[in-house]
Structures are given as C-alpha cells and as structure tokens.
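Here is a friendly walk through one protein model, written for someone who likes to check geometry by eye. Please have your viewer open as you read.

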Amino acid sequence: MGHSVSDDPEATGMDIETHHSQRHADNIPPVHKVRLPPRQNLVKEIAARAKETFFSDDPFRPFKDQTKSRKLLLGAQALFPILEWGRHYNLKKLKGDVISGLTIASLCIPQDIGYAKLANLPPQYGLYSSFVPPLVYAFMGSSRDIAIGPVAVVSLLLGTLLQGEIDSVTHPQEYLRLAFTATFFAGVTQAALGFLRLGFLIDFLSHAAIVGFMGGAAITIALQQLKGFLGIKHFTKKTDIISVMQSVWGTVNDEWNWQTILIGAVFLAFLLFAKYIGKKKKKLFWVAAIAPLISVVVSTFFVYITRADKHGVQIVKHIKKGINPPSVDQIYFSGDFLGKGIRIGVVAGMIALTEAAAIGRTFAAMKDYHLDGNKEMVALGVMNIAGSMTSCYVATGSFSRSAVNYMAGCQTAVSNIVMSGVVFLTLELITPLFKYTPNAILSSIIISAVIGLIDYEAALLIWKIDKFDFVACMGAFFGVVFASVEIGLLIAVSISFAKILLQVTRPRTALLGNLPHTSIYRNIEQYPDARKVPGVLVVRVDSAIYFSNCNYVRERILRWLEDEEEQLKVEGQARIQYLIVEMSPVTDIDTGGIHALEELFKSLQKREIQLVFANPGQVVIDKLYASKLVDLIGQDWIFLTVADAVKTCSPKAAGSLPEV
C-alpha cells in the first residue's frame, strides 16, 4: 500500500527523490507526501491571527526603523493626512479645488434646506451641517473626492427614528436635543469602529441589501415630498406607501394647490432636463450642479413679485441668520433620552458610514489611490462628534455632491473647505433672501436628487448573478416602501445574515471525475466529460468544516455514496471500495468537524469502504494529527492530490493517467 505520510511526523522532511526511488523499486506509482507543518507557539499563533484580523493592512510598517521625531511626524500625518499632502499643494491644485468647491456649494445649499425638512429640523440646521463637518473632514479625511454634508437617506432615517420617540411639532426643543445626542453617538460609533479597527463589520450589510435599501428609501423620500409638491398642509407622519397615498388622495379636493403644483412641476422638469444634459455631455456637468440654485433663485423671485404665498403657495419663511451656535449643553448625557439617543445614533452612524465607505472606495478606484477605511471612520466619527457640539445633525459623504466634485476636477479635500466657506457666507449674509422660497422647489430638488438612488441596472445584474442576493435586495426595497425605513433596514440586515448562515451551515459539495488525458479532477456537473474512477468515489467539500455544518457535510457525503451505489447496482458495476475526500477548499476544521469525520470513518468501515483524504491544508492536517484522527484512519491514507490517491487506490484505473 502507498505510504503517503511517514509513520513518524518528525520524519516528514524526508527527501522526496529518495521516497520516489523506493516506490519505483517496489513498482508502486510515485506519490508526494503531505507534510506536517512545524508546531506553532500558541501565543504567536493567537497574535498572528489577531494581527491579520485587525491589522491586515500593516499600518505600522511606515514607523519601522524610524527615529522618534520621524515617528511623531508620521503619527501626526496618520491622524491628519492634510499634513502629508499639504506639503505638495500648489496653485494648480487650488484652482481645481476652488472651482469644484464653488460648484458643490451651489448644489448643497438648496439640498441642505430640503434635507433638514426630511429630518424634521428647521432649515438652518441643514446649512450648519455643511459648515463645520466638512472643515473637520478636510483635515482628517483621506479621500480627495468625497463632499461632506447631510444626505437624503440618513436625514429620512434620522427623522423617522427621532419622530418615533418625540414629536417634533409639540416638543421641538426636546426633539432637537435628541437629534444632537443621536449625532454625538453616531460619531462615537464611527470613531470607535475606526480606532478598534472593526471596519469589516459594515461589510456584513451586503451590496445587494444596500441597493434595495437605497432604492426603497429613494421611493419613500420622493413620496414624502408630495406634501410640498402638491401644497398639502395636513400630511401623514407615516412613511409607508399606503399611508402616504391615502393622505395624498384624501386631500385632493381640499388642499391641493394648483399654483404650487405648477411651480413644482415646471422646475422639476427643468432639473431633470439639466441632469439629462449633464449625463449626456460630461463637460456640461456644471449645468446639473447649478440647476438647483438657479431654481431656488428664480422661483423665490417669482413668488416674491407675485406674492403667490398669499394664494396658498407655501414658503420656507424664516431661516435663522448666523453661524452654528454651540450645542454641547443640549446633548443628553443622562436621563431617559440617553439610551434612545445611543440607539438611534448607532443605527444612523452605521448607515452613514456604509454610504461614505461605498462612495470613497468608488472614487478612489477611479483615481487609483489608496483609501484607508479605518482612518476614514475616525475622520467621520470626529467630524460628527464636533458637529453634534455645534448644532449639526449626522453628516456623511453625499454621492450626488461627490460625483459633481469629481467631475469639477477636485484635487484634494480643500474643495470641502471652499464649500464650507460659501456656506459660512450664506449663513451670515444670504439666509434672509430665502424667506420666499417655495416649499415646492425644495421638494422638486429632493425628488430629482434621489431618483439617482434607484439603481435598477444594479438590481438586474444582481438577479443575473445571484438569486438569493436578489431576494435580499427586494426584501430591503419592499420593507422600506411598504413598512418603514427601519423595517427595511432590519430586513436588509436579517437577509444578509441569513445568507451568511446558509452558506456556513449548508456548504457546497461536489462529485469529482477525471478529465480525459489529464491527472486533473473536476466537478462532473461543470465538466460532463469528466469520468468517474471505477471503485472510487471522489467528493469535494467547498468550505471549512465547523460545528454548524459538520453533520450536514457528513450526511451529504453519505448521500453521495448511497446515490452512487444505487446507480452502480442498476448498471451492474463493481461496488465502491474507496471514498476520497478532496480537502483543498477546507480552510479550517473544529472539534465538531473532527467528530463528524470520525463518525464518517466508522460508517464507512461498516460498509467496508476506506476513507481517504487528499491535500488537507496546513491548519487542517495539524488538527488531524492533534486529534489522533490520522492514527484512526491511517497515515497511509492521506495524499497530496486526488491523482496520487487514485494511483494507490485504483492502480489499474490510474494506469491511463499522465505522470504527476
């Protein structure tokens, strides 16, 4: 019988050529050995695993062999990237940043006023949130392209969650304080994830779930804007499509205002046309960027000279003048609202972080530069903590503004500083001019902005690639549209986790056959010309074997065996004598997995079938030895490849195979 593994684990370093010559002398096909890896120090092994989990990007590499002063400088640059790229800043970069900063400012000002209404906050708080947070991010962020400020999805989510705790109309001050509290803890959550290097947690919300959630949120946000678009005064506080449509059609005779509808429809058509031009001709991107501000200026002037507000057209009215007042004393650090603020803040912070991470990675890939995810989390967290203390609510990266920022030729985060400066001038000088801005314009701006969040092409691609992913996508979408934003988010997270659990508990297994004229064994379903080896069943397990799936793996292998034996009986062929388990994809195994393999071995023994392993990895073979499972099965029955195993188990069938 072929000796694939030496009887003495310490002798695994035996010279392969000698081993081969001995096998040839015995007229036994040459077979490589599976080597037992050297024993690892437990502390070093745990340290290596922790390093790979939390420090996979090796952040301390630049500090190696540096002087103390140099390490101090590198540490400062790591915390404030502006100290690094700022040394190479020049007038050419400034020109690009000023142009892009002014362009995104023209887009953000009308959006901020509208997004504040989504969060059930006075309009000036939207502008506040585009003043302080972008400044902080410019010093601490590592993305060159992200434009910081309030975004539609987070504004709606925050407004919905806050309204569920406190009514913004009857208790405006308490509502505002809870908003600042939630923003503070959103920042704490983001910064903590960055400092503790737990950014991989946001990856548990799958891409498919995000596509569905964003699309559903876009529909919900657009429906919410029907209040301002149609001039309705009494509107439902619920966000599901049924309640909203009941509220809309229930007021068609009493509250719809034709002047408001006319203003909203005309400017919505203008905004959509401007967006179409911007997409059609990339050089005219600025048309779509300044269209919202043009709409606000023209509509405000029109309402002022016609006094349309006296004919039922609802206007913004007063926007408080001046920059952000301090709000540290407004944050709940004790009392009943503390827990509510933490809960809302964690949810809003995670969603804001997910959106910013997706945007940052997208534009970093387009410009081919590295984005440090953990630094980004710290920057976003500190930004929102500072914002909560200066009358801001949760801010993050905006996709529409970031796209405009990119198209306008931004070079660095200075574009955020320029945008912040324009918002500062607006707060100090221009806010009184927004008094006669019609609410219908803000609704039109938001509707035109969120339409881009409905990514039907991505949904179709998801359907083509993975049907389970599509279920997650649609579950999140319909959860948001027909229930609420938080229900949609819960469905998205639940389905994402369900997919992970399903893949872990029900791993794929495959029956392998030999490709003609090769020593390669592949899945017979994928390669129909792959032929089975007489008397041998080759099975591959495509997953680690853990307590959660070990019983399934054992039972599935036995089912493969039963199905094959039934087929052989019908065809009148020889019975199975060897079962080879290809273990290349098995990256790890735990105690439950070891016990399952022991039970599999005993079940096969009763059927007079030999269990054989092919190519177990370093971690797996180490645990097979540690558990004495190798002694139970026999060291002779562990091989480097399936071809080696077949040569030993079925020499006659292997005679036609090429030498390996």
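The sections below go from the whole chain to a pocket, then to two helices and a few single residues.

## The chain as a whole

Please keep in mind that this is a predicted model. The protein chain holds 28 helices and eight strands. Its C-alpha atoms fill a box of roughly 105 × 65 × 55 Å along the principal axes.

Of the 660 residues in the protein chain, 51% are buried. If you take the contacts between residues at least 6 apart in sequence, 79% of them join residues at least 24 apart.

## The second largest pocket

How much space lies in the second largest pocket? The volume is about 1300 Å³. The pocket is lined by 45 residues, and K117, L118, N120, S168 and K227 are the closest to its centre. Five elements give two or more residues each to this lining: α5 (91–118), α8 (152–163), α9 (172–195), α11 (226–230) and α19 (439–450). Sorted by class, the lining has 17 nonpolar, 19 polar and nine charged residues.

S168 is a good place to zoom in, as one of the residues closest to the pocket centre. S168 sits in the loop between α8 and α9. Is S168 buried or exposed? With a relative accessible area of 17%, S168 counts as buried, because the cut-off for buried is under 20%. The S168 side chain makes a polar contact of 3.1 Å with the side chain of Q163. Setting aside neighbours within four places in sequence, S168 is in contact with N120, Q163 and Y175.

## Helix α8, one of the pocket's contributors

Helix α8 has twelve residues, and its first and last C-alpha atoms lie 16 Å apart, close to the 16 Å expected at 1.5 Å a residue. All twelve of its twelve residues are buried, so α8 is largely enclosed by the rest of the structure. The buried set includes A152 and Q163, and Q163 is the residue whose side chain meets that of S168.

## Helix α21

Helix α21 covers residues 467–482. Its 16 residues should span 22 Å at 1.5 Å a residue, and the end C-alpha atoms are indeed 22 Å apart, so the two values agree. At the N-terminal end, D466 acts as a cap for α21, with a side-chain oxygen 2.9 Å from the backbone nitrogen of F468.

Which residues of α21 are buried? They are D469, A472, C473, G475, A476, F477, G479, V480 and V481. These buried residues pack against α10 (207–224), α12 (241–250), α20 (456–465) and α22 (485–505).

## Two buried residues

N257 lies in the loop between α12 and α13 (258–280). N257 is buried, with a relative accessible area of 11%. Its side chain reaches the backbone oxygen of H311 at 3.1 Å. Beyond its neighbours within four places in sequence, N257 is in contact with L230, H311, G312 and V313.

V296 belongs to helix α14 (residues 285–306). V296 is buried too, with a relative accessible area of 4%. Not counting residues up to four places away in sequence, V296 touches P110, F434, T437, I441 and I445. V296 and P438 are 142 residues apart in sequence, yet their C-alpha atoms are 8.1 Å apart in space.

## Two loop positions

Where is I524? It is in the loop between β4 (521–523) and β5 (536–541). Leaving out residues up to four places away in sequence, I524 touches L511, L512, G513, A530 and K532. I524 and K227 are 297 residues apart along the chain, and 60 Å separates their C-alpha atoms. You met K227 earlier, among the residues closest to the centre of the second largest pocket.

H370 is found in the loop between α15 (336–367) and α16 (373–388). With a relative accessible area of 64%, H370 is exposed, because exposed means over 50%. From H370 to V541 the separation is 171 residues in sequence and 36 Å in space, C-alpha to C-alpha.

Conventions. Residues are numbered from 1 along each chain as its sequence is written. This is a predicted model: local features need pLDDT of at least 70, side-chain atom pairs count only at pLDDT 80 or more; totals for chains, interfaces and linings use all residues. Side-chain values use heavy atoms; hydrogens and water are left out. On a 1 Å grid over the protein atoms alone, a cavity is a set of points where a 1.4 Å probe fits but cannot get out, and a pocket is an open set with protein on both sides within 12 Å along at least five of seven lines; lining residues have an atom within 4 Å of a point. Grid points are joined across faces, edges and corners, and a volume is the space filled by probe spheres set on the points. Helices (H or I, at least four residues) and strands (E, at least two) are DSSP runs, numbered from the N terminus. Ala, Val, Leu, Ile, Met, Phe, Trp, Tyr, Cys and Pro count as nonpolar, Asp, Glu, Lys and Arg as charged, and the others, Gly among them, as polar. The expected span of a helix is 1.5 Å times one less than its number of residues. Buried means under 20% relative accessible area, exposed over 50%, partly exposed in between (1.4 Å probe, protein chains only). Contact means heavy atoms within 4.5 Å. A polar contact is a pair of N or O atoms within 3.5 Å; within protein, one must be able to donate a hydrogen and the other to accept it, and residues adjacent in sequence count only if both atoms are side-chain atoms.
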